[in-house]
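Here is a short briefing on one protein chain. Look over the sequence and the structure first, then read the points by topic.

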Amino acid sequence: MAKTTKKETVDKKNEPKTETLKSWRPNKQQRFVLGCLLVLFSISLLVAFISFYVNGQWQTDQSAVSQLGYRSEIVQNWLGKFGAYLADLLVYRGFGIASFVLVRLFFLTGMFLALELSLKKLKGIWFWDLFAIIIISVLFGFFATSAPELGGTIGYELNLFLQDYIGKTGTLLTLLFGLIIYLIFKIKLSPEKIQSYFDSTKRELKSELGSLKPQQAESAYNLEEFAIEEDPELDNIHLKSDVTQFEINKEALKPTINHSSEIDLNPVAKPLQMEIKPTTVAPVVHTEEFVIEKAEEEDIIEENLASRLVADFGLFDPTLDLSNYKFPTIDLLKEYSTGGITINQEELEENKNKIVDTLRNYKIEIAQIKATVGPSVTLYEIVPEAGIRISKIKSLEDDIALSLSALGIRIIAPIPGKGTIGIEVPNKNPTMVSMKSVIGSAKFQEAEMELPIALGKTISNETFVVDLAKMPHLLMAGATGQGKSVGLNAVLTSLLYKKHPAEVKFVLVDPKKVELTLFNKIERHYLAKLPDTDDAIITDNAKVVNTLNSLCVEMDNRYSLLKDAMVRNIKEYNDKFKARKLNPEAGHRFLPYIILVVDEFADLIMTAGKEVEIPIARLAQLARAIGIHLIIATQRPSVNVITGLIKANFPARIAFRVTSKIDSRTILDTQGADQLIGRGDLLYTNGNDVVRVQCAFIDTPEVEKITDFIGSQKAYATAYLLPEFVGEETGINLDMDISERDTLFREAAEIIVNAQQGSASLLQRKLKLGYNRAGRLIDQLEAAGIVGPFEGSKARSVNISDLSALDQFFNNEQN
């Protein structure tokens, strides 16, 4: 064994100290102390600078600055000799009056350190403030040459330096250019903002003149000479009066590669205009055409109001509540491989020869063969000679697997869209697909989808990205330990990397109690739950029923909103709400997507049965248009677990490895899942082609890092609250005491009788109430006999036919 030299020993002793110095970072207490010191220093600078100008220290203390070492020297600065020195150094010899910006810089730096705020924003503040100091100093040096205390020595000298080379005019233009740069990049001033400011001023001026002109016209008894030219593009709004009929015209504001893995094995406003002219009085007849015209005019007014709001405030931004939210960085994910696929040429050639020889033994000749290498499987595409039946090749699946000594092969005969037959053979050394490589791919980052999900990589090594909003529900199945839970984590992670907390909410059901618990940390960002519940992630099967029924109530409420907004789906509704065409006072709100994730559905069916099946079936049939999507994972979707009614609404399915062809047909309606190799190997279908994908692997520590990163940021006050659902099994104490009725009891009764439909959501919309109060009103109406009992998801029956019968009911009660 070689001996260690003295020099090597010394170097080893010094290495830890150097590394410690490089890795040292101030802790929380040190940052706070340093921040307080900088804040106090900024206050000292402010006092010194103010007294420099107030006391005229640049004259009185000028001679004393050079002799500050003597204790007997007297200065006028409020901060004493230290203040006089700082003021002389930074103001007189420095930047003049621009030095006050340094006070702001030191103060903000201290606050950022003390409050532990992000220092990235501070870098920009320092850059632009130092830029402003130089511009202001040279500006005062240019205009105030007789007052050196305003521009400082640096400003004065820089001004003279510039004038020597580019003259006074060039210096002024340079300063003006610097000022424009500051206004555009720092103040965010743009030509559009300047133009909108002048346009708004012009509109206000014209509206004031317009309000004065009718008065002047009335005093002169001549209305015509004050008439403004009419815009022919707009309809007229007729305002009738007893003496004179005016026609007023209001204009709406117009806001302004082949893959290297493929190997061939063969050798975005105008002012208000108005015309006023006298007309004769005509009788007002409200015909059908008049009513239609008035309705169209009201629509025009609403559109004008919406366009004006957009012009003034811009489109509504649902992310404003968490405007500083930062998406997880890709560095939180781990890279499990180099990202490339190692191609073993010997293995490819050996498998090719075995496939050709096996088929030749059965008198099947091959005209061409090509291989496409994937992460875990290689696809051999063969073109048989003319006259060979495809079914003959497909029947040799087990013989080919025997000759290749493979775990299991899958024959695709023929490959859709190609004139070839595919034979998928597992690689001897499969490559793991990391979640980092999938999330970081251009295909996922540039995906223009509502709910993009990156599942993994295909055989051709392409990132496989699908849109959950178009599926619209996803069924995942496979034997135990084949990757279902990892697949669910990949789905959730994809959405966390792409969607803001305001845009998507998760309802997580985890009967296993351990798979989804890490997502508790993002409860107030991304999760949805029932009111008055402690945990957002549901682990108790008894609570799942209430949650599912609550989602049905939310679905019904959302469909009512879509009906009022006259749109067909959530995307159109949200676009209309962002354009400020829907009134929040009428109950309209921005609707986030809601994704229900169930990790083991079979366990729910075993414990809850029909109580779970009915709301799941309703959601699967109806919830797509209003943005509620289901992701259900189970081991085997047999008929007693996933009924035909539910299964028909899950065209998108993911099958991990199963043990038999029967199970494969149960999941995919075709065989092939029994030939998968496990460990995330899956088949995906959306009602047409079946695609083989190697699911991206994401480990528990990676999920923990992502949830910690999101959970450490500012969040909403609470999780997204679903409507409260009170099941029939909880029981209702029907109170017959009339004195304890709600003050809105009679009004609620009239609404229910008019609509002939008893539901709490109807009272919520009409009376603008919370769900709890609306529910109590329904209970009181049931106790009074006005509505019938609870009937599950159906609306209650109404026992009173019309308002006259209702009045008679209340009269009988009083008597």
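This is a predicted model. A nonpolar patch of about 850 Å² lies on its surface, made by L173, L176, L179, I180, L183, I184, F185, I187, L189 and I194. The chain has 815 residues, and 44% of them count as buried. It holds 27 helices and 18 strands.

**Surface and nonpolar patch**

- The accessible surface of the chain comes to about 44700 Å². Carbon and sulfur atoms account for 55% of that surface.
- Which helix gives the largest share of the nonpolar patch? Helix α7, residues 148–185, supplies seven residues.
- L179 is one of the patch residues, and its place is in helix α7.
- L179 counts as partly exposed because its relative accessibility is 38%, which lies between the 20% and 50% limits.

**Second largest pocket**

- The second largest pocket holds about 820 Å³ of space. It is lined by 33 residues, and those closest to its centre are I412, I415, E424, V690 and V691.
- Three elements give two or more residues to this lining: β5 (377–384), β6 (410–412) and β17 (690–695).
- How do the lining residues of the second largest pocket divide into nonpolar, polar and charged? There are 11 nonpolar, nine polar and 13 charged residues.

**Salt bridges between distant parts of the chain**

- The count of salt bridges comes to 24.
- R104 pairs with D129 in a salt bridge, with the closest N and O atoms 2.2 Å apart. R104 sits in helix α5 (residues 100–114) and D129 in helix α6, so named parts 25 residues apart are linked.
- Is D129 buried or exposed? D129 is buried, because its relative accessible area is 2%, under the 20% limit. R104 is partly exposed, at 38%.
- K418 and E381 meet through their side chains in a salt bridge, 3.4 Å from N to O. K418 lies in the loop between β6 and β7 (421–426), and E381 lies in strand β5. The two are 37 residues apart, and the pair links distant parts of the chain.
- E381 is buried, with a relative accessible area of 5%. K418 is partly exposed, with 45%.
- R746 forms a salt bridge with D807, and their closest N and O atoms are 2.8 Å apart. R746 is in helix α24 (residues 745–755) and D807 in helix α27 (residues 803–814), so the pair ties together parts that are 61 residues apart in sequence.
- Both ends of this pair are partly exposed: R746 has 35% relative accessibility, and D807 has a relative accessible area of 32%.
- R410, E424, D681 and R692 are joined into one network by salt bridges that share partners. E424 is also among the residues closest to the centre of the second largest pocket.

**A contact in space around helix α6**

- A132 has its place in helix α6 (residues 120–143).
- A132 is buried, because its relative accessible area is 11%, under the 20% limit.
- How far apart in space are A132 and V101, C-alpha to C-alpha? They are 8.2 Å apart, with their places 31 residues apart in sequence numbering.

**Backbone geometry**

- Most residues other than glycine have a negative phi, and most peptide bonds are trans.
- The peptide bond from M471 to P472 is cis, with omega near -5°. P472 is found in the loop between β9 (463–467) and β10 (474–477).
- N461 has a positive phi, near 65°, and is a residue other than glycine. N461 lies in the loop between β8 (452–458) and β9.
- N461 counts as partly exposed, because its relative accessibility is 24%.
- K768 is a residue other than glycine with a positive phi, near 55°. K768 lies in the loop between α25 (760–767) and α26 (771–784).
- Is K768 buried or exposed? K768 is exposed, because its relative accessible area is 61%, over the 50% limit.

Terms used. Residues are numbered from 1 along each chain as its sequence is written. This is a predicted model: local features need pLDDT of at least 70, side-chain atom pairs count only at pLDDT 80 or more; totals for chains, interfaces and linings use all residues. Side-chain values use heavy atoms; hydrogens and water are left out. Helices (H or I, at least four residues) and strands (E, at least two) are DSSP runs, numbered from the N terminus. Buried means under 20% relative accessible area, exposed over 50%, partly exposed in between (1.4 Å probe, protein chains only). Accessible areas come from the Shrake-Rupley method with a 1.4 Å probe; for residues, only the protein chains shown count as cover. Patches are made of residues with over 30% relative accessible area and no salt bridge: like charges are joined within 9 Å, nonpolar side chains (Val, Leu, Ile, Met, Phe, Trp, Tyr) within 5 Å. A salt bridge is a side-chain nitrogen of Lys or Arg within 4 Å of a carboxyl oxygen of Asp or Glu. On a 1 Å grid over the protein atoms alone, a cavity is a set of points where a 1.4 Å probe fits but cannot get out, and a pocket is an open set with protein on both sides within 12 Å along at least five of seven lines; lining residues have an atom within 4 Å of a point. Grid points are joined across faces, edges and corners, and a volume is the space filled by probe spheres set on the points. Ala, Val, Leu, Ile, Met, Phe, Trp, Tyr, Cys and Pro count as nonpolar, Asp, Glu, Lys and Arg as charged, and the others, Gly among them, as polar.
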